[in-house]
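Student: Could we go through this structure together? I would like to see how the descriptive terms follow from the numbers.

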Amino acid sequence: MASSRPATWLWAAALVVLSFGTRLPALLDAAATNSDAAVVGLQARHILHGEWSPFLWGSGYQTSADSTWAAVLFRVFGPTPLVLMLSALALHVGLTVCVFYMLRRRMDAPAAFVGSLPLVFTTACVHSYALYPPREMSLFLAFAAFLALDSDGLVALAAGGALAVLAVVADPYASIFVPAAFVLGLFAILRAPARLRAMGAFFGGAALASVALAWLLARPDGKHGVASMGLHVAGHNAKLLWHECLPWAIGTKIFAPVHVMDYAEWKMPRAYAAFAYFGATTLAIALVASAILAVRRPSRLALVGWLTIVLNIGGFFFSLMVMDQFSMRYLAASVLVLPLVLAPLVAQLGALRAAAALAPYLAVAGAAGWIAHGPIRRDAGVVEAHVLDALEKRHVEAATADYWAAYRLDFLWREAIPVVPYHAEQDRYPPYRARFDAAKRVAYIHDRDRSFEDEKVGEAEIARGGVIADRFTWDGFEVVVIDR
């Protein structure tokens, strides 16, 4: 069971390399980033110029933690789409390493490596967080808290309590992990030689971090109630969970973009569908077997993992945030704790047999994540650069487009021409709107792959009170230039 420290580091390094390797298709497609992620990149650019705010632009409940982290990487490597994506992925890899070292305390390094693989080969449920900010910092902080609370010592207890609260500060979604952190903290207090001092360290660290949480909640620009629950949505959410979200989260159903934003259910060939259900079945068997082992020989990792899954799925039934199949991303917490609930089984089987037992599910999850990403657009960023050049030659001062096109253009164009959302209520950064309103020559941009409003209606509304000076088309972009 024992393994030398260099060997442990070697397995951890292999996990890091594999984590980046499995995301290679998305990394190659970084310039196709969406507007939600682009907002993080834009805010990071402004942070580098001294414009910091506690909340993510236009949010009021998600903080600028991911933007601040991206700004650090931008300072070193430059504000590019690839660096923006790497900023989120690096945090997910850090989370994976935290899990690896928790498992390593209970099994040898090869088995810990195998047990961590459900965080490497993942469906779109985790891909949507691992590759696109702004939620990965909160998830990393939550698992860093788990690692600290799974350790011994007063400093580790204080750090764990603080990190658990700071995870919620970064994003309210991390509150799903707070009960598990409390349980781990309780276990650490009970095994400490001086329990009162241990209790003081744990709750002292949490209380110190709670100052930041209280300050955030007290701000007038904060928004509350995003985690609202209601009994009346239980039926709707249960159907969505069973028929759409859970199957997508485990890989037995896949929604993939036909082009970019036009997601549709991927029609699985019969052989692949049989393989997907086989993989999901082996996962279910492994979970049951691991739960039985955890009952026979209590495991605190398994306990906190199952607690998180119960709270995650239970909260899904009553959450007002659940709307459609894309709500499968709210099940990410359950997927992230799979290594914890599977730990008793992996420890019992050892690396080779555990790898064989988990291989079908890992293959299904990995394939589902890649398929859901859709085709790689090798011309992403190039076409947009041509559109910017055409607008600059026409002396356009500002532009408007659908939300899903607007902010990614702002980021790709490094704000050379501000682009605001077609619907003003979707604004994330008011100064862009002020520049658009003051501009004498503007453009209406319709992105074939990302714009959802009717092109003719949009053009007529933007051109009202002005004169159409020019129009041009460039590889899926329809652009109308308007003099006011």
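**Reasoning from values to terms**

Student: How do you know that the span of helix α19 agrees with its number of residues?

Tutor: This is a predicted model, so let us work from its coordinates. Helix α19 covers residues 382–393, which is 12 residues, and at 1.5 Å a residue it should span 16 Å. The expected value is 1.5 Å times one less than the number of residues. The end C-alpha atoms of α19 are 17 Å apart, which agrees with that expectation.

Student: Which residues of α19 are buried?

Tutor: Val383, Glu384, Val387, Leu388, Ala390 and Leu391. Each is called buried because its relative accessible area is under 20%.

Student: What makes these buried residues line one face of the helix?

Tutor: Looking down the axis of α19, you find them within an arc of 160°, so they line one face. Their packing partners are α20 (403–412), β5 (441–447), β6 (467–474) and β7 (477–483).

Student: And what follows α19?

Tutor: His395 does, and its phi is positive, near 60°.

Student: Let us turn to helix pairs. Why are α9 and α11 called roughly parallel?

Tutor: The axes of α9 (residues 154–170) and α11 (residues 195–218) cross at roughly 25°. Angles under 35 degrees count as roughly parallel, and the two helices are therefore described that way. Their axes come within 7 Å, and the crossing is right-handed.

Student: Which residues meet there?

Tutor: On the α9 side they include Leu154, Leu157, Ala158, Gly161 and Ala162. Among those they meet in α11 are Ala198, Ala201, Phe202, Gly205 and Ala206.

Student: Why are α4 and α5 called oblique?

Tutor: Helix α4 (residues 65–77) and helix α5 (residues 81–104) have axes that cross at roughly 120° and come within 9 Å. Roughly perpendicular covers 65 to 115, and roughly antiparallel needs over 145. An angle of roughly 120° fits neither class, and the pair is therefore oblique. This crossing is right-handed. The contact is made by Asp66, Trp69, Ala70, Leu73, Phe74 and Phe77 of α4, together with Val83, Leu84, Leu86, Ser87, Ala90 and Leu91 of α5.

Student: One last residue: where does Met268 lie, and what does it touch?

Tutor: Met268 is in the loop between β2 (263–265) and α13 (270–296). Leaving aside residues up to four places away in sequence, Met268 touches Gly251, Thr252, Lys253, Ile254, Ala273 and Ala276. These count as contacts because heavy atoms lie within 4.5 Å.

Student: How far apart are Met268 and Leu196 in sequence and in space?

Tutor: They are 72 residues apart in sequence and 57 Å apart in space, C-alpha to C-alpha.

Conventions: Residues numbered from 1 in each chain as written. Predicted model: local features only at pLDDT ≥ 70, side-chain atom pairs only at ≥ 80, totals over all residues. Heavy atoms only, no water. Helix = DSSP H or I, 4+ residues; strand = E, 2+ residues; numbered from the N terminus. Buried < 20%, exposed > 50% of the residue type's maximum accessible area, 1.4 Å probe, protein only. Arc of directions from axis to C-beta. Axes fitted to C-alpha atoms, helices over the stretch in contact; angles between N-to-C directions. Left-handed = near helix turned anticlockwise from the far one by under 90°.
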